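Subject: Handing over a structure

Dear colleague,

I am passing on the structure below, together with some notes on what was found in it. Please look through the sequence and the coordinates first, and then read on.

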Amino acid sequence: MISIENICKNFGQLAALDQISLELTTGKSYALIGPNGSGKTTLIKSILGLVIPTSGAILFDNKSIFNNWRYREKIGYMPQIGRYPDNIRIGQLIDMMKNIRKDTPKVDEDLIDAFKLYKMYDKPLHTLSGGTRQKVSASLAFLFHAPVLILDEPTAGLDPVSAEILKEKIHHEKRMGKLVIITSHILSDLDELTSELVYMFEGKIQYNNTIDALKDETNETKLNKAIATLIRQKELLASVIE
Amino acid sequence: MTRVIKYVFYDILRTRFILFYTLFLLVCTFMLFQVDSDFGKVVLSLMNIVLMAVPLISVVFTTIHFFNSYEFIELMLAQPINRRSIFLSEYLAVASSLCLAFCIGVGLPFVIYGAWQPIASLLLTGVFLTLVFVSLAFFASVLTRDKAKAIGIALLFWFYFSLIYDGILLWVVYSFNDYPLEKLTLALIAFNPVDLARIIMLLQLDISALMGYTGAFYKNFFGSSMGILFSGVLLTTWALWPMGIAMRIFNKKDL
C-alpha cells in the first residue's frame with residue numbers, strides 16, 4: 001500500500017533519514033521503534049507529506065505522493081504532540097474537521113464517546129492537559145474511517161483506563177484489516193498491538209521483520225527483552241568491525 | 001478551499017485586531033474632516049497616514065497572524081487539502097480583511113461627508129498597498145521558522161520601501177542633477193510600490209505642479225490613462241511576485 005523507496009532527508013548537516021526503503025502492506029500492523037532522534041517522526045511526517053524528502057520516492061497505492069494530496073483522505077494521523085489553534089473549543093475543532101472533510105459521509109465517533117469528550121466540548125484547547133489533548137488527537141485520527149492509521153506515540157500521557165480504551169480501539173481497527181503504523185517507547189503495548197517490527201537507528205532501518213521472527217532469533221518471549229538483545233548484538237557487531 | 005477560508009476568517013475576527021484597525025482609520029479620517037473643510041487637504045493629510053501606517057500595519061498583522069495560525073496550518077496539512085489552497089486561503093483571508101477594514105475605515109467618512117471625487121483613487125492605492133505588503137509579509141514569514149526573525153524581515157521591507165529607498169533615490173537625483181534624470185527616476189520609482197502609490201495620489205490631487213519640472217514630467221506620463229494603467233500593472237506585479245515566491249517556498253517547506 002505504501003512503498004518508500006530510498007528516501008533521504010537532511011536537516012542541514014544532520015541526516016535524519018538515510019536511504020530508507022520500506023514496504024507497508026494493508027492488513028498488517030507495524031511497530032516503528034528506535035531511540036529518540038532516530039528519525040521515526042521524520043519518516044512518518046514524510047509519509048504524510050509534512051516533510052519533503054531530499055531524495056527518493058514515496059508511493060501510496062502505486063502513485064507518488066509528491067504534489068499529490070488526495071491520498072491523505074485515506075490516512076488517519078495522530079501526532080506525537082497535538083498542536084491545535086489555541087482559542088478554539090473542542091467541539092468547534094471536531095466540527096471544523098468534519099466540515100473540512102465533508103467528503104467522508106460517515107464518521108466514527110466511538111472514541112469521542114468512550115473518552116467522554118462531548119462533556120468537554122466547551123473547553124478551549126489551550127486549557128487542556130496533555131492527556132486530554134492526546135484524547136482529542138486520537139479521536140480525530142479515528143474519526144474518518146481511514147484505511148491507514150498512523151499513530152505517533154498514541155498512549156504516551158494517557159491514564160491507564162484511557163490507554164486501554166485506545167488500545168482496544170486499535171485492536172478493533174486492526175481486525176478490520178487496516179494498515180496500522182505505531183511508534184512508541186512502551187514496548188509491552190507494541191507487543192500486544194503489532195505484528196511487524198521496524199527498528200530505526202540514526203536514520204537507518206536496522207531491522208525489519210515480524211516480531212515473532214525477532215523473538216525466535218533472540219530466544220526471548222517478550223518484545224522488550226528481544227529488542228534489548230537485538231541492540232546488544234548490533235553494538236557487539238559494530239565494535240567487532242571497528 | 002472556501003471551507004478553509006471560512007475558518008481563517010473566523011480566526012481573524014476573533015482577535016478583534018481588524019476591528020481596532022478599522023476604528024483607528026475611522027477616527028483618523030473623521031478627525032481630519034473636522035480639522036479641515038477643504039477635501040483636498042484632508043486627502044493630502046490622509047495620504048501621508050495611508051502611505052506610512054497601512055504598509056506597517058499590514059506587515060505586522062500578517063506576520064503575527066501567520067505564526068499564530070501555525071498550528072492550524074499544521075493541522076490542515078495533515079488533511080486531504082492541497083498545500084496551495086491552504087496558502088491561498090490564508091493570503092486571501094488576511095488580505096481581504098485588511099482591505100475591507102481600510103475601505104470601511106477611510107471610505108465611510110468620505111461617503112458621509114459626500115466627498116465622492118477623491119475617494120476612488122485613495123481607496124485604490126490603499127488596497128494596492130495592503131496587497132503588496134501582505135505579500136511581502138507572507139514572503140518574510142515563510143523564509144524562517146522564527147517569529148521574531150520573520151517580523152524583523154517584514155519590518156525591514158517596510159523600512160526599506162518607506163524610508164531608505166527614498167533616501168537613495170534622493171541621493172541619486174542630487175548627485176547626478178547635471179544629467180537628464182526624468183526617465184531614470186521614472187524607472188527607479190517602479191521599484192518602489194510606496195512611491196508608485198504616492199505618485200498616483202499626488203497626480204490625482206492635481207498638486208503635481210508643486211513638484212516642479214519632474215512633477216510636470218510625471219503628470220505628462222502618469223496623468224494620462226496610460227500612466228495609470230502602467231502604475232496599476234506595476235503595483236499588481238508588486239503584489240504578485242512576493243506572493244508567488246512565498247507560495248513556492250511554502251509548497252516545499254517542512255513543517
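**A helix in chain B and the residue after it**

Just after helix α5 of chain B, B:Gly114 takes a positive phi of about 75°. Please keep in mind, here and throughout, that this is a predicted model. The helix that precedes this glycine, α5(B), covers residues 83-113, and at 1.5 Å a residue its 31 residues should span 45 Å, which agrees with the 45 Å that separate its end C-alpha atoms. Along α5(B) there is nevertheless a kink of about 35° at B:Gly107, shortly before the proline B:Pro109.

**The sheet of chain A**

Chain A holds an open sheet of six strands with mixed pairing, and the order of the strands is β6-β7-β8-β3-β9-β10. At the edges stand β6 (75-78) and β10 (204-210), each of which has a single partner strand, so one side of each is left without a neighbour in the sheet. On average, and with direction ignored, neighbouring strands of this sheet are turned by 15° against each other. The edge strand β6(A) runs parallel to β7 (residues 148-152) of chain A, to which four bridges join it, and in this pair A:Tyr77 has A:Ile150 of β7(A) as its bridge partner. Helix α7 (residues 211-218) of chain A packs on the sheet, where it touches β3 (29-33), β9 (196-201) and β10 of chain A, and its direction makes about 95° with that of β10(A).

**Strand β3 of chain A**

Which strands are joined to β3(A) by four bridges? One is β8 (residues 179-183) of chain A, which runs parallel to β3(A), and here A:Ser29 stands opposite A:Val180. The other is β9(A), which also runs parallel to β3(A), with A:Ile33 standing opposite A:Tyr199. Five of the five residues of β3(A) are buried, so this strand is largely enclosed by the rest of the structure. In a regular strand the side chains alternate between the two faces of the sheet. In β3(A), A:Ser29, A:Ala31 and A:Ile33 point one way while A:Tyr30 and A:Leu32 point the other way, and all of them are buried.

**Two residues with positive phi in chain A**

Most residues other than glycine have a negative phi. A:Asn6, which has its place in strand β1 (residues 2-11) of chain A, is a residue other than glycine with a positive phi, near 50°. Is A:Asn6 buried or exposed? With 13 other C-beta atoms within 10 Å, A:Asn6 is partly exposed. A:Glu153 likewise has a positive phi near 50° without being a glycine, and its place is in the loop between β7 and α5 (160-175) of chain A. A:Glu153 has 19 C-beta neighbours inside 10 Å and counts as partly exposed, because a residue is taken as buried at 20 or more.

**Where the two chains meet**

The contact between the chains takes 17 residues from chain A and 19 residues from chain B. On the side of chain A that touches chain B, the largest share, three residues, comes from helix α2 (residues 90-100) of chain A. The residues on that side of chain A divide into 10 nonpolar, two polar and five charged.

With best regards

Key:
Residues numbered from 1 in each chain as written. Chains lettered and ligands numbered in written order. Predicted model: local features only at pLDDT ≥ 70, side-chain atom pairs only at ≥ 80, totals over all residues. Expected span 1.5 Å × (residues − 1). Bend = angle between axes of the 7 residues up to and from the residue. Pairing = 2+ DSSP bridges. Axes fitted to C-alpha atoms, helices over the stretch in contact; angles between N-to-C directions. Contact = placed C-beta atoms within 7 Å. Nonpolar A, V, L, I, M, F, W, Y, C, P; charged D, E, K, R; others polar. Buried ≥ 20, exposed ≤ 12 C-beta atoms within 10 Å, placed from the backbone.
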